[in-house]
Amino acid sequence: MAQQELKRDLKNRHVQLIAIGGTIGTGLFLGSGAAIEKAGPSIIFVYLIIGIAVFFIMRALGELLLSNTRYQSFNDFAVDYIGPWAGYVTGWTYWFCWIMTAMADIIAVGMYVRYWFDIPQWIPALACLVILLFFNLLTVKLFGELEFWFAIIKVITIIALIIIGIVMLVIGFKTNTGTVSVTNLWAHGGLFPNGITGFLFAFQMVVFSFVGVEIVGVSAAETSDPKKNIPSAINKIPLRILLFYVGAIFVILCINPWTSVNAENSPFVQVFSLVGIPVAAGIINFVVLTSAASACNSGLFSTSRIMFNLSKNSQGGKSLGKLNRNSVPSNALFVSTFVVSIGGLLSYFIPDSAFSIVTTISAICFIWVWAIILVSHIRYTKKRPDLHKKSTFKAPLTPFINYVVLLLFLAILIIMFINVETRSALLLTPVWFILVLFTYGMRKSAK
């Protein structure tokens, strides 16, 4: 029987918009309010620092993926350059990352729909999950189309915000919080109003804002022309970071002083309300709803492909490696969807802290995945200097920048331990790694 392979049906426009969708998520639309409350205007620097780090991670990922056409995800090269245990732990950890993120997003979908309809939130949450499952089961091209349109909605919203903000700056528009001006960035306690502590404590939510950017790597196996599409998508990340994160937050803080931002609400909703658009809250609620659905859609895609890849590498059950007639790993997709659906229970048992715990654990696990990419790249340059030398997509400043970003991650983990809000989630996360290493040992001894 011929080996089943994923179809390379994702076109350049799909990959480009998947990359954009990966860099615009619920962390920006929802989490930026809490991050601004902690850091004040210095949040702009936090987004810049993490954005630059993410760019270098993506360049390392791009070079590794293009160095060997058989690589379908980062756990493949983790096996080659670190060891089988690293591939196993990273593969299952990435699956866990997206499960946790998708849980948070599907809970959010239910909450957003209740803005218009007074129904139990689990009904729209599960309905959305079933719809996304249906489209993901058909073809990878449909996944690409869904992400294409989800990302378009996000992009239009942010560009509209920036354009409106620039117009308001030029004309000196007055709102009930004062005059729209660049001086709002430093007129309310300076750029670091809460000191260095507030600045540092904002890093966790900003890290979560960027999770998903590496999905370009997961989509590599289903990209029609990876040597062209992946470098193109990765090289545009700096521009997207400047526009979608730094640009949007800059405009928000010029229109609405950081002291007026409410952590409980999306700063995007607050700004559009100040502009005087009557249906602003409804419009942005729809955008945030599609953003949550988009993140969950990406989660189902990523988790199913990771499980498929783990199965192919004998690191997961054989049934997870089966494709349906549309070349979609349906069994893996069903398992991931079922586990995500359990996420609704978290909102029932711990409604006040569920989102915070889930997003913190997700951010910590994504730091592991990103670190594995950087370490694999360092090992690649040492073990295969021939491939590195002839690479057409060399990661810049290697290996120096790899070590710098790894030290940044270590510092962020220390900050999470110091911060009471994130400490419990940080201390819970090692349980996952102990469990995965235990199952790896059991599988190895059974052979």
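User: What share of the contacts in the protein chain, counting those with a separation of 6 or more, comes from residues 24 or more positions apart?

Analyst: That share is 82%. Keep in mind that we're looking at a predicted model. A contact here means heavy atoms within 4.5 Å.

User: Okay, why is the pair K38 and E421 called a salt bridge?

Analyst: Check the distance first: the closest N and O atoms of K38 and E421 are 3.3 Å apart. The cut-off is 4 Å between a side-chain nitrogen of Lys or Arg and a carboxyl oxygen of Asp or Glu, so the pair passes.

User: What makes this pair a tie between parts of the chain?

Analyst: Look at where the two residues sit. K38 lies in helix α2 (residues 26-39) and E421 in helix α20 (residues 420-428), so the salt bridge ties together parts that are 383 residues apart in sequence.

User: How do you know whether K38 and E421 are buried, partly exposed or exposed?

Analyst: Use the relative accessible area. E421 has 52%, and exposed means over 50%, so E421 counts as exposed. K38 has 24%, which falls between the 20% and 50% cut-offs, so K38 is partly exposed.

User: How many salt bridges are there by this rule?

Analyst: Two. One of them joins D386 and R384, with the closest N and O atoms 2.9 Å apart. That is within 4 Å, so this pair fits the rule too. D386 is partly exposed at 40%, and R384 is partly exposed at 34%.

User: What makes N256 count as buried or exposed?

Analyst: The relative accessible area of N256 is 2%. Buried means under 20%, so N256 is buried. This residue lies in the loop between α12 (237-255) and α13 (267-275). Leaving out residues up to four places away in sequence, N256 touches T177, V261, Q270, V271 and L274.

User: And how much of the protein chain counts as buried?

Analyst: Of its 447 residues, 58% do.

User: Which residues have the most contacts inside the largest nonpolar core?

Analyst: I43 and W370, in a core of 135 residues. Helix α5 (residues 84-113) gives the most to this core, with 19 residues. As for I43, the residues it touches include A35, A202, V206 and L253, not counting residues up to four places away in sequence.

User: Why might nonpolar side chains end up together?

Analyst: In soluble globular proteins, they tend to be buried together.

Technical notes:
Residues are numbered from 1 along each chain as its sequence is written. This is a predicted model: local features need pLDDT of at least 70, side-chain atom pairs count only at pLDDT 80 or more; totals for chains, interfaces and linings use all residues. Side-chain values use heavy atoms; hydrogens and water are left out. Helices (H or I, at least four residues) and strands (E, at least two) are DSSP runs, numbered from the N terminus. Buried means under 20% relative accessible area, exposed over 50%, partly exposed in between (1.4 Å probe, protein chains only). A nonpolar core is a set of buried Ala, Val, Leu, Ile, Met, Phe, Trp, Tyr and Cys residues joined through side-chain atoms within 4.5 Å.
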